[in-house]
Amino acid sequence: MTRDTYFITTPIYYVNDKPHIGHAYTSIAADVLARWKRLEGKRVFFLTGTDEHGQKVEKAAREAGEAPKPFTDRVSQAFRELTGVIGLSNDDFIRTTEERHYAACQALWRRLVAAGDIYLGHYEGWYAVRDEAFYGPDELTEREGVKYAPSGAPVEWVREPSYFFRLSRWLPELLRRYDLPEGDPERISIAPETRKNEVVAFIRQGLKEFGEGSPKLDLSVSRTSFRWGVPVPGDPDHVMYVWLDALTNYITAAGYPSDPERFAAFWPADLHMVGKDILRFHAIYWPAFLMSAGIAPPRRVFAHGWWTNEGQKISKSLGNVIDPLDLVQRFGLDPVRYFLLREVPFGQDGDFSRKALIARNNGELADTLGNLANRVLSLIQRTCEGRLPEGRPTEAAAALLEPALLAADPRARAIGARKLEELPAVLTAYLDAQDFSGALALVFALVRGGNEYVTQRAPWALRRTDPAEMAAVLRDLHSALRCYATVLQPFMPGTMARLLDQLGVPAEARHFAALAAPLPAGTPLPPPSPLFAKLEDSA
Ligand code: MSP
């Protein structure tokens with residue numbers, strides 16, 4: 001069952017501090033998928049935004065000497081500006097302090113009440129403001145009289161009246177849904193597999209310890225000790241737990257409850273892209289709230305890993321937080337986007353190092369892709385009067401593609417892909433698995449093949465001996481470059497737009513299906529200019 005819509009989200013970011021590389025990473029990964037699905041021809045809804053309630057944000061406002069509202073207005077604006085800096089193609093930017101979001105939270109709350117899944121009680125236990133999360137005593141460690149959560153956040157003892165959500169009721173159903181076969185409409189897919197196993201183990205452990213249906217497994221979903229949140233309908237002494245409020249953003253933006261038609265078109269979300277630290281909220285609490293409310297849970301949640309900086313954990317106290325704006329100013333946007341998705345297999349932790357970024361830029365972008373484009377386009381300029389040469393059947397394009405694709409690539413073999421035009425389909429298989437680095441490795445293997453092909457066929461020499469063969473070789477290389485540029489657009493939108501300009505590909509012929517229609521011979525090509533600058537390490 002495939003829909004023509006695709007709904008993808010980033011987490012909404014806490015506005016307690018300015019944006020850093022972790023935010024940029026999740027957002028760029030989601031952006032690549034959103035752009036990919038648009039090129040496939042889907043109607044995409046790509047959502048990002050800011051998470052503005054809760055104790056953590058309230059505390060940050062207090063420390064800045066501001067009231068929460070003007071504080072969140074200011075910091076949220078920095079995240080809105082980040083979307084431009086890192087080239088996001090988001091269709092909406094939601095703030096949890098918006099009216100539409102209050103309406104959605106309160107509507108959802110009423111559905112949970114109607115389902116009999118909300119009851120009033122007393123919460124007594126440990127809370128980490130930094131994580132906005134409750135922890136059990138067994139999860140904590142103690143150092144110098146302070147107790148810490150596994151995330152390293154200090155916890156404090158909380159005792160207050162609270163509404164509870166009957167999470168216990170939904171745990172067996174969650175386990176059932178995680179295990180449904182691929183393609184089952186009820187399946188909740190959690191990836192990578194190792195993270196899914198952690199989620200399952202966490203639920204199983206709870207069920208074993210307390211027994212199915214135990215109130216000990218329920219979740220405190222309201223607070224009375226501070227005011228900065230969405231009021232609980234019918235009991236204004238309580239504000240909603242910030243994670244219930246925050247997660248609801250995904251349905252608010254999809255049109256819940258005010259626009260049922262739009263909501264039906266886009267919900268359930270196809271993919272929630274999150275970091276590994278917030279998987280539990282997205283894979284357990286969120287689907288449980290939704291199922292209780294009679295709303296379909298998301299189809300898939302993918303948890304990516306964390307970056308360190310030159311081998312060190314990134315933290316404010318170490319003063320090594322990476323500012324995405326600095327990175328983009330220093331290295332350029334597309335090299336940064338490329339590096340983040342190429343360097344580390346998505347899902348694993350990775351180390352950010354300037355040296356590694358420069359090596360990728362110089363070795364792969366400038367010397368491999370930039371070089372191929374420059375060689376081919378300069379030759380066409382010089383030998384074909386700057387016009388796209390006539391093609392004629394050669395085995396050239398197949399020769400560029402087949403060795404790498406067919407011999408070595410399991411995903412290509414799985415779908416029986418043989419031709420260059422089938423590259424988007426092969427890469428779709430990678431991207432549907434969120435394997436960005438695998439997709440890029442394959443494309444660059446092909447680009448290397450292209451360079452070897454130029455060297456072997458030496459079109460500049462054919463100019464004298466067999467001009468028609470030279471034209472055919474250049475034409476094949478042009479088609480190959482067009483294909484590489486088309487599939488690389490989501491990763492490096494600015495530079496690939498320039499390459500497609502240089503290749504003479506009109507704006508309306510840059511989606512995947514357009515690859516089936518060759519450009520007419522004689523299409524004028526502008527004089528080429530270098531795509532990527534070589535970078536130096538100037539510390
Ligand atoms: N507000 C919550 C999310 C609510 S979603 C309904 C939140 N916000 S956050 O501002 O802390 O941003 C979290 C995102 O940044 C997470 O996906 C997290 O994994 C990511 N990262 C934060 N530091 C990171 C690294 N050092 N490396 C990679 N990603 C990291 O959580």
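A residue counts as buried when its relative accessible area is under 20%. The exercises below concern a predicted model.

**Exercise 1.** Determine how many residues of strand β1 (residues 5–14) are buried, and identify the strands with which β1 pairs.

*Solution.*
1. Apply the cut-off of under 20% to the strand: in β1, 10 of 10 residues are buried.
2. Look for bridges to strand β2 (residues 43–51): eight of them join β2 to β1, and the two strands run parallel. Within this pairing, Thr5 has Arg43 of β2 as its bridge partner.
3. Trace the connection: from β1 the chain passes through helix α1 (residues 21–39) to β2, a β-α-β crossover that is right-handed.
4. Look for a further partner: strand β14 (residues 271–275) pairs with β1 over two bridges, also in the parallel sense. Here Leu271 of β14 stands opposite Ile8.

**Exercise 2.** Describe the shell around the ligand and state which element gives the largest share of it.

*Solution.*
1. List the nearest residues: of the 23 around the ligand, these are Ile12, Asp51, Gly275, Asp277 and Trp307.
2. Sort the shell by character: 12 residues are nonpolar, nine polar and two charged.
3. Examine contacts to ligand oxygen atoms. A backbone N or O atom of Tyr14 lies at 3.1 Å, a side-chain N or O atom of His23 at 3.1 Å, and one in the side chain of Trp306 at 3.2 Å.
4. Assess the cover: the ligand alone exposes 680 Å², of which the protein buries 94%.
5. Assign the shell to elements: β1, α1, α7 (242–247), α8 (249–254) and β14 each give two or more residues. The largest share, four residues, comes from β1.

Key. Residues numbered from 1 in each chain as written. Predicted model: local features only at pLDDT ≥ 70, side-chain atom pairs only at ≥ 80, totals over all residues. Heavy atoms only, no water. Buried < 20%, exposed > 50% of the residue type's maximum accessible area, 1.4 Å probe, protein only. Pairing = 2+ DSSP bridges. Right-handed = clockwise from strand over helix to strand, strands pointing away. Polar contact = N/O pair within 3.5 Å; in protein donor to acceptor, adjacent residues only side chain to side chain. Areas by Shrake-Rupley, 256 points an atom, 1.4 Å probe, with all protein chains shown as cover. Nonpolar A, V, L, I, M, F, W, Y, C, P; charged D, E, K, R; others polar.
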